[in-house]
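User: Please take a close look at one part of this model for me. I want to know how the helices pack and what sits around them.

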Amino acid sequence: MDATYDAWAGPTVGDLGELVVLDRIVRRLPSGSPLLGPGDDCAVVAAPDGRFVVTTDMMVHGPDFRWAWSSPEDVGWKAAATNLSDVCAMGAVPTGLVVALAAPQDTPVAVLESFADGVRLAVDALAPGCGVVGGDLSTSATFTVSVTAFGDLQGRPPVVRSGARPGDVVAVSGELGPAARGLTRLFREGVDSAGEPSRAATVASGADADPDVARQRRPVPPIADGPLAATAGATAMLDLSDGLAIDAGRLARASRVTLSLDGPALDDVALHGGEDHGLLATFPPDAALPGGFRRIGVVVDRGDADLVHGGATVPTTGWDPYADWDGAAG
């Protein structure tokens, strides 16, 4: 058995085969209320106002998570949360997930069952009523997760990135920085003497009790605030997955404006750290900010920069797997 799974016992996916493993996974997942759920070639889900939003996101062992630092339940939670966050960033309510897994042959079935438990826990906590309506299971040398999420706009227009206008208020909901701080600690302390990710070192460091590490493993996006923002008249919005600066730059370029931050002091981690999965939105000047949104700036006419803070240009950089992954797994 691969050392990656040394904490997990029992039969492997190779021992039991696809049909048995799928049955053991599906029974642990939240079902939601589709018109037709898993078991046929497709699920059937309702689209009450004739439209739905759809998004997909992948998590690959190595660039996106490390087994040394995350349990299968953590990975399941994060896979669900990141997709639920994208749905709410359009102002929609999550209604269904499709989950595809590719796992090495020697993966214990208990790993996949724990992954499914993580998906269920995230959905129950963040988007009650949403369910897993289908998926797929295959084999691969690298553990890979792909989740597709659907959402209901409930009669509202989608909130896109290109709607910000000069004079709008810039606001965020959710945390800025803890996931990046947690990852920094893991890379600093959760490693062995050779600098490789280590489960033993992670536990010995006490990182499991660190709230920042917890947020890196299990982000808590403000799902309910997406539809609230749409109802409050948000003019543009997106999920803060790669960091405030890089995602603000995406919104600014889509809207052909500049975002000028003038709120509380934002350190480098808050600006450039990612994976908190909060929301960045713009609102008309007279709009009451809903839910957990707080003002951090204003939209101005397009200038020489996408983002400025205190009058200074902010580089719109953040996580890029092609540029930033070192090729390691662990």
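Analyst: What follows is a walk through the helix packing, then the nonpolar cores, then some single residues.

Keep in mind that this is a predicted model.

Start with helix α4, residues 109-126. Its partner here is helix α3, residues 72-88. The two axes lie 6 Å apart and meet at an angle of about 40°. An angle under 35 degrees would count as roughly parallel. The angle here is about 40°, so α3 is oblique to α4. The crossing of α3 over α4 is right-handed.

Which residues make this contact? From α3 come Pro72, Glu73, Val75, Gly76, Trp77, Ala79, Ala80, Ala81 and Leu84. From α4 come Val111, Ser114, Phe115, Asp117, Gly118, Val119, Leu121, Ala122, Val123, Ala125 and Leu126. Sorted by class, the contact of α3 with α4 holds 15 nonpolar residues, three polar and two charged.

Helix α4 also packs with helix α2, residues 18-26. Here the axes come within 9 Å and cross at roughly 30°. Angles under 35 degrees count as roughly parallel, and that is why α2 is described as roughly parallel to α4. This crossing is right-handed. On the α2 side, the contact uses Val21, Arg24 and Ile25. On the α4 side, Val109, Leu112, Glu113 and Ala116 meet them. By class, the contact of α2 with α4 has five nonpolar residues, no polar ones and two charged.

Now the cores. In soluble globular proteins, nonpolar side chains tend to be buried together. The largest nonpolar core in this model has 51 residues. Which of its members touch the most others? They are Leu97, Leu101, Leu112, Phe143 and Val145. Helix α4 supplies the largest share of this core, nine residues. Leu112 links the two topics: it is named among those core members, and it is part of the α4 side of the contact with α2.

Leu97 deserves its own look. Setting aside residues up to four places away in sequence, Leu97 touches Ala80 and Leu84. Both of those also belong to the α3 side of the contact with α4. Leu97 touches Val119 and Val123 as well, and these two are on the α4 side of that contact. The rest of its list is Cys130, Gly131, Val132, Val133, Gly134, Val147, Thr148 and Ala149.

A second core is separate from the one above and has 23 residues. Among them are Leu251, Val257, Leu280 and Val299.

Next, residues that link parts of the chain. Val60 lies in strand β1, residues 53-60. Its C-alpha atom is 6.3 Å from that of Val145, although the two are 85 residues apart along the chain. Val145 has come up already, as one of the highly connected members of the largest nonpolar core. Beyond its neighbours within four places in sequence, Val60 is in contact with Phe65, Thr142, Phe143 and Thr144.

Leu279 sits in strand β8. Its relative accessibility is 0%, so Leu279 counts as buried. The C-alpha atoms of Leu279 and Ser85 are 8.2 Å apart, with their positions 194 residues apart along the chain.

Ala201 belongs to helix α6, residues 199-204. Its relative accessible area is 14%, so Ala201 is buried. The C-alpha atoms of Ala201 and Trp69 are separated by 9.4 Å, and the two residues are 132 apart along the chain. Leaving out neighbours within four places, Ala201 is in contact with Glu189, Gly190, Val191 and Asp192.

Gly91 is in the loop between α3 and β2. Is Gly91 buried or exposed? It is buried, at 1% relative accessible area. Apart from residues up to four places away in sequence, Gly91 touches Leu153, Arg156, Gly226, Pro227, Ala230 and Met237. Gly91 and Leu112 are 21 residues apart along the chain, and their C-alpha atoms are separated by 31 Å.

Last, two backbone notes. Gln154 is not a glycine, yet it has a positive phi of about 55°. It lies in the loop between β4 and β5. Its relative accessibility is 45%, so Gln154 counts as partly exposed. Glu275 is not a glycine either, and its phi is positive at about 75°. The loop between α10 and β8 holds Glu275. With a relative accessible area of 23%, Glu275 is partly exposed.

Definitions and conventions:
Residues are numbered from 1 along each chain as its sequence is written. This is a predicted model: local features need pLDDT of at least 70, side-chain atom pairs count only at pLDDT 80 or more; totals for chains, interfaces and linings use all residues. Side-chain values use heavy atoms; hydrogens and water are left out. Axes are lines fitted to C-alpha atoms, for helices over the stretch in contact, and angles run from 0 to 180 degrees between N-to-C directions. Helices (H or I, at least four residues) and strands (E, at least two) are DSSP runs, numbered from the N terminus. Angles under 35 degrees count as roughly parallel, over 145 as roughly antiparallel, 65 to 115 as roughly perpendicular and the rest as oblique. A crossing is left-handed if the near helix is turned anticlockwise from the far one by less than a right angle, and right-handed if clockwise. Contact means heavy atoms within 4.5 Å. Ala, Val, Leu, Ile, Met, Phe, Trp, Tyr, Cys and Pro count as nonpolar, Asp, Glu, Lys and Arg as charged, and the others, Gly among them, as polar. A nonpolar core is a set of buried Ala, Val, Leu, Ile, Met, Phe, Trp, Tyr and Cys residues joined through side-chain atoms within 4.5 Å. Buried means under 20% relative accessible area, exposed over 50%, partly exposed in between (1.4 Å probe, protein chains only).
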